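Trainee: Please take me through one part of this model at close range, and then show me how other parts are described in the same terms. I would like the reasoning as well as the values.

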Amino acid sequence: MAKENSTQSGIEERLDRILTLELARVTEAAAVAAARLRGHGDEKQADQAAVDAMRTELNNLPIDGKVVIGEGERDEAPMLYIGEEVGTKKGTAVDIALDPLEGTTICAKNLPNSLAVIAVAERGNLLYAPDVYMDKIAIGPGYKPGLIDIDAPVLDNLQALARAKGVKVTELTACIMDRPRHARLIEEVRAAGVAIRLIGDGDVAGVIHTTDPEMTGIDIYIGIGGAPEGVLAAAALRCIGGQMQGRLILDTPEKVARAKKMGVEDPNRAYTMEEMARGDVIFSATGVTDGNMLDGVRFGRDSISTHTVVMRSASKTVREIKAVHHDLGKFG
Ligand code: VTB
């Protein structure tokens, strides 16, 4: 047992030492590439630029990496597809979840909170989530475990949160994606007197925003978004603290079968954030457009500035890196 523990911490140590700053470089490169196309109205081009830049950087890393959440299946996504192997293959075996440009539409319109995002964990520790929807609920750190419950009525969750925060329910703000599928949810939340921050896209940022309500003004994230984004958000919350639950929406036999192939035995199972991102996790996000927590990329006369947050679950270290890059050649 003792031996197992020391081996484990040895691996974790290497993960941290090697990867924390390296991952910042990976998301910085993707963010700069996407930011060059920010506000140009072309989501696909910006996404592709971010994918290419992220892939180049990842392949320089001393890891034996496997993309478990990426740009889609091999035949439909030319790069960073699910199952793609990245890195020099000589280091620690890791699972990688990535979204080189989270919020492609908001980047194309140059609206807030598009990010370049990556999460890395030891092999086998990230939920293999098919590209389906996921119902999600999340709050930030500092609350007793089990305060929110994805199966409870939304009003109960809001009231429990208000009580725990020590505010009136009408003083809470919920972040919800602006989608027709949320019409009833939005109605219920508004009926409770809770303010809603409606976002167009980018629910990884939406979930992360719950971790710092004073800065972002957001107390709780509720609603249905992408499952891959759910796992990325869970990885982030494992590092900062907070609570999250997610349930895959497997509403056709075909989706149930696809998920089963990926190891999902119970299609109705609700996952905690610890079940979506287990063990030691490192997460990095760089702002592409300006956001509530991260500034977007700035292009200067002879420099480029980036703003990144890199975090690790084992130590709960949260590093913010504001970088001024003068070696512009590295960004291609
Ligand atoms: C979200 C959001 C993404 O997809 O997961 C969303 O975080 C869900 O899909 O930024 P719909 O757009 O179909 O609702 C994005 O908006 C785009 O990847």
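Mentor: N110 is partly exposed, because its relative accessible area is 42%, a value that falls between the 20% limit for buried and the 50% limit for exposed. Keep in mind throughout that this is a predicted model. N110 sits in the loop that runs between helix 3 (104-108) and strand 4 (115-122). Its backbone has a feature worth a look: phi of N110 is near 55 degrees, which is positive although the residue is not a glycine. Most residues other than glycine have a negative phi.

The loop between helix 3 and strand 4 also holds N113. N113 has a positive phi too, of about 80 degrees, and it is not a glycine either. The two asparagines part ways in their cover. N113 has a relative accessible area of 13%, so it is buried, whereas N110 at 42% is partly exposed.

Another asparagine, N157, belongs to helix 4 (residues 154-165). N157 counts as buried because its relative accessible area is 4%. A polar atom of its side chain lies 2.9 Å from the backbone nitrogen of D149. H307 has the value of 4% as well, and therefore is buried. Its place is in strand 13, which covers residues 304-312. The side chain of H307 makes a polar contact of 2.7 Å with the side chain of E320. What joins H307 to E320 is thus side chain to side chain, while the pair of N157 and D149 combines a side-chain atom with a backbone nitrogen.

Now the ligand. Which residues surround it? They are E102, G103, Y133, M177, R179, R181, D201, G202, D203, G225, G226 and E229. By class, this shell has 6 charged, 4 polar and 2 nonpolar residues. The glycines are placed with the polar residues in that count. Some members of the shell come with a distance. A nitrogen or oxygen atom in the side chain of R181 is 2.6 Å from an oxygen atom of the ligand. For R179, a polar side-chain atom is 2.7 Å from a ligand oxygen. For E229, the distance from a polar side-chain atom to an oxygen atom of the ligand is 3.3 Å. On its own, the ligand has 410 Å² of accessible area, and the protein covers 76% of that. The space that the ligand takes up is the largest pocket.

Several residues with no accessible area can be read the same way. Y221 is in strand 8 (residues 220-226). Y221 is buried, because its relative accessible area is 0%. Its C-alpha atom is 9.0 Å from that of M244, which is 23 residues away along the chain. A234 lies in helix 8, made of residues 227-240. With a relative accessibility of 0%, A234 is therefore counted as buried. A234 and E275 are 41 residues apart in sequence, and their C-alpha atoms are 8.9 Å apart.

G65 is part of strand 1 (residues 63-69). At 0% relative accessibility, G65 is buried too. From G65 to E85 there are 20 residues in sequence and 5.5 Å in space, C-alpha to C-alpha. A174, in strand 6 (residues 173-177), is buried as well, because its relative accessibility is 0%. How far is A174 from P62 in space? The C-alpha atoms are 40 Å apart, and the sequence separation is 112 residues.

To return to where we began: N110, in the loop between helix 3 and strand 4, is partly exposed because 42% lies outside the range for buried. N113, in that loop as well, falls under the 20% limit with 13%, so the label there is buried.

Note on methods
Residues are numbered from 1 along each chain as its sequence is written. This is a predicted model: local features need pLDDT of at least 70, side-chain atom pairs count only at pLDDT 80 or more; totals for chains, interfaces and linings use all residues. Side-chain values use heavy atoms; hydrogens and water are left out. A residue is near a molecule or strand if one of its heavy atoms lies within 4 Å of it. A polar contact is a pair of N or O atoms within 3.5 Å; within protein, one must be able to donate a hydrogen and the other to accept it, and residues adjacent in sequence count only if both atoms are side-chain atoms. Accessible areas come from the Shrake-Rupley method with a 1.4 Å probe; for residues, only the protein chains shown count as cover. On a 1 Å grid over the protein atoms alone, a cavity is a set of points where a 1.4 Å probe fits but cannot get out, and a pocket is an open set with protein on both sides within 12 Å along at least five of seven lines; lining residues have an atom within 4 Å of a point. A molecule sits in a cavity or pocket if more than half of its atoms lie within 2 Å of its grid points. Helices (H or I, at least four residues) and strands (E, at least two) are DSSP runs, numbered from the N terminus. Buried means under 20% relative accessible area, exposed over 50%, partly exposed in between (1.4 Å probe, protein chains only).
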